[in-house]
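Grab a pencil and work through two short exercises on pockets. Try each task yourself before you read its solution.

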Amino acid sequence: MDRDDRVETLSEAECLRLLGTVPLGRVVYTEHALPAVLPVAFRVAADGRLVLALRTGTRVARALDGTVAAFQVDDFDRAGRCGWSVLVHGRAEVVRDAGERDALRSGGLWPWVPEPGPEYVAICPELVSGRRILPDAVQSAPATAPVLPGRRTG
């Protein structure tokens with residue numbers, strides 16, 4: 001059971017910092033009037049935009065171009081039942097500038113399946129939110145065997 005004291009709301013600055021600590025996230029967009037979610041490689045650009053690496057020729061870039069999309073990243077510790085999640089909403093645009101595309105490619109930003117080559121979509125963060133689930137002190141404390149009177153330990 002999660003308790004409210006284990007849930008921490010993250011500041012926008014902390015959310016933006018955490019975005020740069022993982023290489024994969026999920027873009028949420030609309031396809032054929034239905035919500036769609038796709039895991040993608042991404043990078044936080046120097047100007048703060050999230051640049052997604054997609055496979056060239058897929059419908060995803062066209063579906064995202066000029067729309068409002070959501071992007072979510074997270075990291076968690078299964079054993080400790082703790083972690084964080086960041087959600088970004090913003091306008092998505094296909095990266096059309098050839099110089100910027102070349103720089104992204106040469107900088108190593110590639111989609112999961114690199115063939116037939118990358119296509120890039122940038123999301124400009126407009127709404128940023130996140131939360132961290134803190135470790136449960138009871139669950140994360142190491143179990144120790146009780147010491148019985150008259151017994152030596154070690």
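**Exercise 1.** Work out which classes of residue make up the lining of the largest pocket, and which strands they come from.

Solution. Keep in mind that you're looking at a predicted model.

Step 1: start with the space itself. The largest pocket holds about 230 Å³.

Step 2: find the wall. There are 11 lining residues, and C82, G83, W84, R131 and I133 are the ones that lie nearest the centre of the pocket.

Step 3: trace the wall back to strands. β5 (68–77), β6 (82–94) and β7 (118–133) each give two or more residues to this lining. Of these, β6 gives the most, with four residues.

Step 4: sort by class. You should get five charged, four nonpolar and two polar residues. Gly goes with the polar group under the sorting used here, so G83, one of the residues nearest the centre, is polar.

**Exercise 2.** Now do the same for the second largest pocket: what is its volume, and how do its lining residues divide by class?

Solution.

Step 1: the volume comes to about 180 Å³.

Step 2: list the lining. You'll meet L38, P39, V40 and A41, then A53, L54, R55, T58 and V60, and finally P111, W112 and V113.

Step 3: look for strands. Both β3 (34–44) and β4 (50–55) supply at least two residues of this lining. β3 has the largest share, four residues.

Step 4: sort again. This lining splits into 10 nonpolar residues, one polar and one charged. Arg counts as charged, so the charged one is R55.

Technical notes
Residues are numbered from 1 along each chain as its sequence is written. This is a predicted model: local features need pLDDT of at least 70, side-chain atom pairs count only at pLDDT 80 or more; totals for chains, interfaces and linings use all residues. Side-chain values use heavy atoms; hydrogens and water are left out. On a 1 Å grid over the protein atoms alone, a cavity is a set of points where a 1.4 Å probe fits but cannot get out, and a pocket is an open set with protein on both sides within 12 Å along at least five of seven lines; lining residues have an atom within 4 Å of a point. Grid points are joined across faces, edges and corners, and a volume is the space filled by probe spheres set on the points.
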